[in-house]
Amino acid sequence: EDPMSWLDAVIEEDRPAVLAAISAKAAGDLSVSAFPEYRIVRPDGTQRWILAQSFPMLDERGEVCRIAGIAQDITERKRGEEQLRRYEQIVASSRDMMALLDTDFVYLACNEAYVAAFGKTKQELVGHTVPEVFGEEFFAAVIKPNAQHCLAGHGARYQDWFDFPVQGRRYMDIAYSPYLGQGGAVEGFVVVGRDITEQKLAERSLRDSEERLRAWLENSPVCSKVLDLDFNLQYMSSSGLKALKLDDLSQVRGKPYPFDFLSESFRIPMASSLGKAKATGEVVAQEACMVDTEGNEMWFDSTIVPVNDDDGRVDYLIVVSINTTERKQLERRLRQSEKMDAIGQLAGGIAHDFNNQLTGIINYAGILLSQLEDEDERSCATRILRAAERGASLTAQLLAFSREGKLRTTAVD
């Protein structure tokens, strides 16, 4: 059997180093030393890491006749080292600030993000206490209260603004965790700091935007409502509550819309429009009349807007309604005014033609009166003249009405 056949189990990439070590021993290296760590493939196809100690064996003449060795399977150790290396790489590449301190507040380790945030080097931190690096004031105010709580076996977490020498003012999420030794005793603590400034500013911007929107909704004359897909009311602005003579949103929140107490003239077209908006996903507009709880007629111009979720499906509905009652009343008065204007124009035309007829009667009655001598005949002519003059006065008023003016009679030469 070939004494070198065991080399067949060594992975090809590692075989040159193993052969070099064997050759050195065969050439007369009498020291007891370890082979380079190498990998083998077992009969079942699995790979294992091997650490071998070798030493030469001499014959009667003191020459190397063979090489003996002891092999140790170090696969689990190599796996642990690889896992540790990965953890170290994760910590080193993390943008979160990380540091490990012992019970005396001495830095044992820290990552690049931590030292960069404070404008320090690892040499300036590791092996030094927090007061030595940052001063007693920073230690007493920032580190010590949470660290002592952590060393008692409890985690701690808080968020606050910090002023960093390099990054400036940043909003941080800080977490303290106990560091346990092999026996389970607390041997220190880990500090992890995450910069959430952008998130904080975005939350503040969103909150301000929501407050402005709510202020607009609550003070706008436009009635805004939010309905779920079952048409149950989730929100109604103040103007809508006021229009319906309701005291509080809780009176109608969660109830089907349009409400049962609204008149059919509004409920029927609104229910149809809501169903159409939900089914088609399109904006639907309508104008309908309703009667409030006191019997007053009100008109609303409504727009139903479907709002989609991230998948493009209708998630809920927004109904925006504008009270157009006053506009409707103005339109009615305008139509009535137009009717009266048409009547005035008709009356003016009739009065003008009638006045022409009366002018002839007045003139002829005057001529007849000047030629008659009999008193009875003159009395009849006078009555004709006065009746015609009264008719002329009436037509003059009709003409003045049609022209939206006043008739004033004045004496002329």
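This passage describes charged side chains in the structure, namely its salt bridges and a negative surface patch. The model is predicted, so local features need pLDDT of at least 70 and side-chain atom pairs count only at pLDDT 80 or more, while totals for chains, interfaces and linings use all residues. Residues are numbered from 1 along each chain as its sequence is written, and side-chain values use heavy atoms, with hydrogens and water left out.

A search of the whole structure identified 13 salt bridges, a salt bridge being a side-chain nitrogen of Lys or Arg within 4 Å of a carboxyl oxygen of Asp or Glu. One of these joins the side chains of Arg-194 and Asp-96, with an N to O distance of 2.6 Å. The two residues are 98 residues apart and link distant parts of the chain: Arg-194 belongs to strand β9 (residues 186-195), whereas Asp-96 is in the loop between α2 (75-93) and β5 (97-102). Helices (H or I, at least four residues) and strands (E, at least two) are DSSP runs, numbered from the N terminus. Asp-96 is buried, at 12% relative accessible area, and Arg-194 is partly exposed, at 46%; buried denotes under 20% relative accessible area, exposed over 50%, and partly exposed in between (1.4 Å probe, protein chains only).

A salt bridge of 2.5 Å (N to O) is formed by the side chains of Asp-173 and Arg-157. Because Asp-173 lies in strand β8 (residues 168-180) and Arg-157 in strand β7 (residues 156-164), this pair ties together parts that are 16 residues apart in sequence. Asp-173 is buried, with a relative accessible area of 10%, whereas Arg-157 is exposed, with 62%.

Strand β8 also contains Arg-170, whose partner Glu-198 is in helix α7 (residues 197-219), so parts 28 residues apart in sequence are tied together. The closest N and O atoms of this salt bridge are 3.7 Å apart. Arg-170 is buried, at 19% relative accessible area, and Glu-198 is exposed, at 54%. Elsewhere, Glu-37, Arg-77 and Lys-78 are joined into one network by salt bridges that share partners.

Asp-374, Glu-375, Asp-376 and Glu-377 form a negative surface patch. Patches consist of residues with over 30% relative accessible area and no salt bridge, like charges being joined within 9 Å and nonpolar side chains (Val, Leu, Ile, Met, Phe, Trp, Tyr) within 5 Å. Glu-377 is located in helix α11 (residues 375-402), and its relative accessibility of 43% is the reason it counts as partly exposed.

Definitions and conventions
Areas by Shrake-Rupley, 256 points an atom, 1.4 Å probe, with all protein chains shown as cover. Lys, Arg positive; Asp, Glu negative; His and termini not counted. Charge placed at Lys NZ, Arg CZ, Asp CG, Glu CD.
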